[in-house]
Amino acid sequence: MHRLLKLFLIISVAVITGCSDSKKGTVCSVSFDTRGGEAIPAASVEYGQTLEVEDPVREGYTFDGWYSSPDLSAKWNKDDKVTEDTVLYASWTKQTKTISFDTGGADPLESVTLPYGSVFAMPSMSLAREGYSFQGWFYDTAYQEPYSGSFEVTEDVTFHALWKELNYNEIKIMNLISQNDYGVVNGTEAASLLMALQASGHALDYDFPSFLKNIPYSYDGNPEHGFAGDLWADSDQIDAILPSALAEWGNNYGNAEDISGCDPEELIEKVMASHPVIVWVSGRFQTTQPAKFPWGTYRTNPCVMVLCGYDEGNNSFLVADPTGYQEGQYWIGFQQFKNVWSIYPGAVEIY
């Protein structure tokens, strides 16, 4: 009995040892299912050895490890020994990309995080910066590559806001003149000329009454030759002085140039250069029409004012109005000004 048991044990040990020895030198094949990543060639690994393999690469994804089961339930570790032909399966997590906004001085905007490969379209958003006009979003800080529409997100992107500084200038009128304070019925041209001259540093020793004493009167009733009519009461004449004669008068004190008929945009340039411009418009910018006279064409409801400021943000002029309306100074929209002024585009630049 003891001999039989001893023989059985010897045979058992021999069988076990022989099975183990039979695997030595055996080469196992390990192949890789990268599941969308770059292909990795199969590896040959000696039985019982561990496997060293680099992490696969897949654009837009982060590698999470190898698994020995297709359902990714069995994680493969680097110290696991290869004992049979094996297929390893890659596990991935889709990356996220960040869309950031460099607002360039405006209030900051929150960044947007999106999955790799998703489509981004610029959302509608309110972007404002005082004194500037928003010109659009750009991919680069040199503002050479504008955003032009939706795109597939494959990397982090920062958009840069481009701004254009808005033109703004306000010329200080030293003394706002309201002709009504002096009992002057007509003569907005004279009051405007004196305000413009003094804003440019000329005729500083004059007040309105003393300045009026020097007004050039027309010798033939033509306002192109001087003031035609009556300063103190309405007359049968036009009661006005036109740009050419006013510019000639103004040159006695400073520099005055008749720029009548210029492009309206040029008026902006003059004001931005701190040159007040005397303009022939209508009272309170009300509707006006061309009017025919023996000496030429003028307008109905005439009034003369000074352009003394411009704000591109609101596209408007600041005017000094010698009738005293709105306390003598107010803003008027460029288009409304242009509509009235173009009926008779009279203008005299002072500098």
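# A walk through the predicted model

P302 sits in strand β17, and that is where our tour of this predicted model begins. With a relative accessible area of 35%, P302 counts as partly exposed. If you are looking for a reference distance, try M174: the C-alpha atoms of P302 and M174 lie 25 Å apart in space, while 128 residues separate the two in sequence.

Let us step back to the whole protein before going on. Its secondary structure consists of 6 helices and 20 strands. The C-alpha trace spans about 155 × 35 × 30 Å along the principal axes. The radius of gyration is 44 Å, whereas a compact globule of 351 residues would have one near 20 Å. As for burial, 40% of the 351 residues are buried.

Now back to strand β17, which covers residues 302-311; just after it comes the loop that leads to β18 (316-320), and E312 is in that loop. The side chain of E312 meets that of K164 in a salt bridge, with 2.9 Å from N to O. K164 belongs to strand β11 (residues 157-165), so this pair ties together parts of the chain that are 148 residues apart in sequence. How accessible are the two partners? K164 is partly exposed at 34% relative accessibility, and E312 is also partly exposed, at 24%.

The structure holds 3 salt bridges, so let us visit the others. E349 and K270 pair through their side chains at 3.4 Å, N to O. Here strand β20 (residues 347-350) supplies E349 and helix α5 supplies K270, so the salt bridge ties together parts that are 79 residues apart in sequence. Which side of this pair is buried, and which is partly exposed? E349 counts as buried because its relative accessibility is 3%, under the 20% cut-off. K270, at 22%, counts as partly exposed. The remaining pair is R35 and D33, whose side chains meet at 3.8 Å, N to O. Both ends are partly exposed: R35 has a relative accessibility of 31%, and D33 has a relative accessible area of 29%.

Helix α5, the home of K270, is worth a longer stop. The helix covers residues 264-272, and D263 is found in the loop between β13 (256-258) and this helix. D263 is partly exposed, with a relative accessible area of 40%. Together with E265, E266 and E269, D263 forms a patch of negative charge on the surface. A patch takes in residues with over 30% relative accessible area and no salt bridge, so D263, at 40%, passes the accessibility part of that test.

P264 is also part of helix α5, but its surroundings read differently in terms of accessibility: P264 is buried, at 14% relative accessible area. The C-alpha atom of P264 is 8.9 Å from that of W341, although the two residues are 77 positions apart along the chain.

Next, a look at backbone angles. Most residues other than glycine have a negative phi. Against that background, A203 has a positive phi, near 55 degrees. A203 is placed in the loop between α2 (188-199) and α3 (208-212), and is buried, with a relative accessible area of 12%. E327 also has a positive phi, near 60 degrees. Where does E327 lie? It is in the loop between β18 and β19 (329-333). Is E327 buried or exposed? At 74% relative accessibility, E327 counts as exposed, because the cut-off for that class is over 50%. These two loop residues therefore show a positive phi in a buried setting for A203 and in an exposed one for E327.

One last stop is strand β5 (residues 86-94), where you will find K94. K94 is partly exposed, at 41% relative accessibility. From K94 to G117 the distance is 9.2 Å, C-alpha to C-alpha, and the two are 23 residues apart in sequence.

How values were computed:
Residues numbered from 1 in each chain as written. Predicted model: local features only at pLDDT ≥ 70, side-chain atom pairs only at ≥ 80, totals over all residues. Heavy atoms only, no water. Patch = residues over 30% accessible without salt bridge, like charges linked within 9 Å, V, L, I, M, F, W, Y side chains within 5 Å. Areas by Shrake-Rupley, 256 points an atom, 1.4 Å probe, with all protein chains shown as cover. Salt bridge = Lys/Arg side-chain N within 4 Å of Asp/Glu carboxyl O. Lys, Arg positive; Asp, Glu negative; His and termini not counted. Charge placed at Lys NZ, Arg CZ, Asp CG, Glu CD. Helix = DSSP H or I, 4+ residues; strand = E, 2+ residues; numbered from the N terminus. Buried < 20%, exposed > 50% of the residue type's maximum accessible area, 1.4 Å probe, protein only. Rg over C-alpha atoms; globule rule 2.2 N^0.38 Å.
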